[in-house]
Amino acid sequence: MTPSNPHAEFTAAARACAEVLLRRYSTSFALACRLLAPATRPHVAAIYAWARVADEVVDGAMDDPAAARELIAEARRRTHGAIARGLDPDPVTHAFAETARRFGIGARLVDPFYDSMEADVEIAVHSRESLGRYIHGSAEVIGEMCLRTFAGGGLGDDDELAAGARALGAAFQKVNFLRDVREDSVRLGRNYLPGRDPLALTDRDVRELADEVDADLRLARVAIDRIPGRDRLAVLAAHDLFAELNVRLRAAGAAGVSAGRVRVPDPVKLAVIARAAAGGRRALRAAGAAR
């Protein structure tokens, strides 16, 4: 512990907590994150864990909406306070705040996220307009936050990269809407598919939704090639994992999607990640040779 960072030991412990949450809640994303540069990995884990806790609060308190609203409002206040102070007794909030302070993540990205968490309490059936706002706050801003941590920082002000990060976040969220359609509608009473009955999907519905995901993934893929260093490998692996899941959702059709969660088997996940890592490394070597 040094005078310049009096909370270094607590920050290290807080980051460890964030890593545990990442591994516990998302095997696919956790696998992809192993490819991140060591300096980037704890910051992306901190962002993921912070978002995951808020999502868990909303989903776990749906039988008491007033309590959910109160918890989300408190989480918003604590997050802003922690960013301002550089300390919070909750380790997940503290880890996120340390990352936010270092990389300039502020209200522009934090508040839309909490707005979307509040929308999960207030809105059961989304319109196209409300869904657009929801996807921006719950997913696109997370993509931008992660982008700001890549390659030591400095990428967040690149408009093309930021657009790609938002598109990738949107693709991830839309895949989750399809994958979790039964759980969202039956257990949580939410409809994230405007103009469609989530319990009476058609094969055409699934194809159209998968097409939206593919369009977002194509936009994101162009930007990924401009991310420098090892961080590119991790983002490419995450992109390819969700692309594989989208292929499987499309192939499952309405019957398969409505029956339950379509998954990518673990051996296929490992193969997808290995392929993305190998391709990314070849690109990095080629770029190095060109210089």
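Phenylalanine 172 and phenylalanine 242 are both buried, a term that denotes under 20% relative accessible area, with exposed set at over 50% and partly exposed in between (1.4 Å probe, protein chains only). The structure is a predicted model, in which local features need pLDDT of at least 70 and side-chain atom pairs count only at pLDDT 80 or more, while totals for chains, interfaces and linings use all residues. Residues are numbered from 1 along each chain as its sequence is written, and side-chain values use heavy atoms, with hydrogens and water left out.

A search of the whole structure for aromatic pairs returns nine. Rings of Phe, Tyr and Trp (its six-membered ring) pair if their centres lie within 6.5 Å; planes under 30 degrees apart count as stacked, over 60 as edge-to-face and the rest as tilted. The ring centres of phenylalanine 172 and phenylalanine 242 are 4.0 Å apart and the planes stand at 25°, so this pair is stacked. Because phenylalanine 172 belongs to helix H8 (residues 159–179) and phenylalanine 242 to helix H11 (residues 231–259), the pair ties together parts that are 70 residues apart in sequence. Helices here (H or I, at least four residues) and strands (E, at least two) are DSSP runs, numbered from the N terminus.

Other aromatic residues also deserve attention. One aromatic cluster is formed by Trp50, Phe96, Phe113 and Tyr114. Tyrosine 25, in turn, has arginine 24 over its face, at 6.0 Å from the ring centre; a charge sits over a ring if NZ of Lys or CZ of Arg is within 6 Å of the ring centre and within 35 degrees of the ring normal.

The helix packing may be taken next. Axes are lines fitted to C-alpha atoms, for helices over the stretch in contact, and angles run from 0 to 180 degrees between N-to-C directions. Helix H8 packs with helix H10 (residues 203–224) at an angle of about 155°, the axes being 8 Å apart. H8 and H10 are therefore roughly antiparallel, where angles under 35 degrees count as roughly parallel, over 145 as roughly antiparallel, 65 to 115 as roughly perpendicular and the rest as oblique. The crossing of H8 and H10 is left-handed: the near helix is turned anticlockwise from the far one by less than a right angle, whereas a clockwise turn makes a crossing right-handed.

Helix H3 (residues 41–60) takes part in two packings described here. The axes of H3 and helix H7 (residues 128–149) come within 9 Å and cross at roughly 160°, which makes H3 roughly antiparallel to H7. This crossing of H3 and H7 is right-handed. With helix H4 (residues 65–85), H3 packs at about 160°, and the axes are 10 Å apart. H3 and H4 are therefore roughly antiparallel to each other, and H3 passes H4 in a right-handed crossing.

Helix H7 also contains serine 130, which counts as buried because its relative accessibility is 8%. The C-alpha atom of serine 130 is separated by 30 Å from that of alanine 18, the two residues being 112 apart along the chain. Beyond H7, in the loop between H7 and H8, lies alanine 151. Its phi is near 55°, a positive value in a residue other than glycine. Alanine 151 counts as partly exposed because its relative accessibility is 40%.

Two further residues sit in other helices. Alanine 95, in helix H5 (residues 91–103), counts as buried because its relative accessibility is 1%. Its C-alpha atom is separated by 17 Å from that of glycine 152, 57 residues away along the chain. Serine 28, in helix H2 (residues 27–33), is buried, with a relative accessible area of 18%. The C-alpha atoms of serine 28 and glycine 164 are separated by 20 Å, with their positions 136 residues apart along the chain.

The cysteines complete the account. A disulfide is a covalent bond between the sulfur atoms of two cysteines. By the criterion of a pair of cysteine sulfur atoms within 2.5 Å, a search of the whole structure finds zero disulfides. Cysteine 17 is in no disulfide, and the nearest cysteine sulfur, that of cysteine 33, is 17 Å away. Cysteine 17 counts as partly exposed because its relative accessibility is 34%. Cysteine 33 is likewise in no disulfide; the nearest cysteine sulfur to it, that of cysteine 146, is 7.5 Å away. Cysteine 33 is buried, with a relative accessible area of 4%.
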